[in-house]
Amino acid sequence: MDISDLARRLLDRRDSADAPLRIVQTGHPALRRRAAGAVARLDAGLAELLPELADAMTLTMREAPGVGLAAPQIGLPLQMVVVEDRYAGDKGENEEGDLLERSPLALRALLDPAIELLGTEQVYAWEGCLSVDGFSSIVPRSRRVRLRATELLPTGELREVDEEHRGWTARILQHETDHLHGVLCHDRSVPRSFADNAYVPHLAELPEAVRRLGLTGDIERLGDGEVVVDTARG
């Protein structure tokens, strides 16, 4: 089925325009396919659907709730993501937020996002996915990334972006871009760290998780209150 036709069908399945889309779960084929390019399909009927699709994905992300949503997660194999982090912690008030370099991320809709990993520092953190509901794992991510994408602005216009990001925002962008290549965050996780969310608060300190779950590898180099490993230092 044509991508534009599939997008229209998914949007029309909702009971109303203000209803969220269905988030598909692991096992759905769209989560394991390489998504089709978005910009190349704008002239094939996709352009007129983009604002409605972005609004529907945003509503779905917020209701879930999450900080990002990729089109494959609604069953649409298209290179499109929405991201937003309404984090409101002030520096010094949230130890975990400061440790993971978390800051607010304004709502953005991105087409064909491409991520380039920068530097050799990897940050270890618990990460979950709306398409693997109820579970998390410890995922190492690059501390810094370069983002290149076509951004869909609220006005409906498109603009090219080429930016650097770090910390939690970099993690969000890596997570969502992975979805466009058929990769789930748990595919990248530290072996043996996959856990029911009910247990994660008891394993929040990574050295404790290493001890209790029997984790091995670079994560063993983390000390108390540390999340960053520089892989160039061996």
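1. A salt bridge, as the term is used here, is a side-chain nitrogen of Lys or Arg within 4 Å of a carboxyl oxygen of Asp or Glu. With that in hand, welcome to the structure, which is a predicted model. A search of the whole structure turns up 25 salt bridges, and three of them are good places to start reading.

2. Begin with Glu84 and Arg62, whose closest N and O atoms are 2.9 Å apart in a salt bridge. Glu84 belongs to strand 2 (residues 80-85) and Arg62 to helix 2 (residues 50-63), so this pair ties together parts that are 22 residues apart in sequence. The two partners sit in unlike surroundings: Glu84 is buried, at a relative accessible area of 10%, whereas Arg62 is partly exposed, at 39%.

3. Next, look at Glu116 and Arg146. Their salt bridge has its closest N and O atoms 3.7 Å apart. Here a strand meets a strand: Glu116 lies in strand 3 (residues 105-128) and Arg146 in strand 4, so parts that are 30 residues apart in sequence are tied together. Glu116 counts as partly exposed, with 33% relative accessibility, and Arg146 counts as partly exposed too, with 27%.

4. The third pair is Glu127 and Arg171, where the side chains meet in a salt bridge at 2.5 Å, N to O. Because Glu127 is in strand 3 and Arg171 in helix 4, the pair ties together parts that are 44 residues apart in sequence. How accessible is Glu127, buried or exposed? Glu127 counts as buried, since its relative accessibility is 5% and the cut-off for buried is under 20%. Arg171 is also buried, at 4%. This pair does not stand alone: salt bridges that share partners join Glu127, Arg141, Arg171, Asp178 and Arg188 into one network.

5. Now for the enclosed space. How many cavities of 30 Å³ or more does a search of the whole structure find? The search finds 1, and the volume of the largest cavity is about 40 Å³. Its lining is made by Leu100, Val123, Arg141, Ser142, Gly167, Trp168 and Arg171. Strand 4 (135-152) and helix 4 (167-179) are the elements that give two or more residues to this lining, and helix 4 provides the largest share, 3 residues. Sorted by class, the lining of the cavity has 3 nonpolar, 2 polar and 2 charged residues. You may recognise two names from the salt-bridge network, Arg141 and Arg171.

6. Finally, turn to the open space. The largest pocket holds about 1,000 Å³. It is lined by 42 residues, and those closest to its centre are Glu96, Trp126, Glu127, Gly128 and Trp168. The elements giving two or more residues to the pocket lining are helix 3 (95-99), strand 3, strand 4, helix 4 and helix 5 (206-213). By class, the pocket lining has 21 nonpolar, 12 polar and 9 charged residues.

7. One last pointer for a first look: follow Glu127 and Trp168. Glu127 pairs with Arg171 in a salt bridge and is among the residues closest to the centre of the largest pocket. Trp168 is another of those central residues, and Trp168 also lines the largest cavity. Arg171, the partner of Glu127, lines that cavity as well.

Definitions and conventions
Residues numbered from 1 in each chain as written. Predicted model: local features only at pLDDT ≥ 70, side-chain atom pairs only at ≥ 80, totals over all residues. Heavy atoms only, no water. 1 Å grid on protein atoms, 1.4 Å probe; cavity = no way out; pocket = protein on both sides within 12 Å on 5 of 7 lines; lining within 4 Å. Points joined across faces, edges and corners; volume = space filled by probe spheres on them. Helix = DSSP H or I, 4+ residues; strand = E, 2+ residues; numbered from the N terminus. Nonpolar A, V, L, I, M, F, W, Y, C, P; charged D, E, K, R; others polar. Buried < 20%, exposed > 50% of the residue type's maximum accessible area, 1.4 Å probe, protein only.
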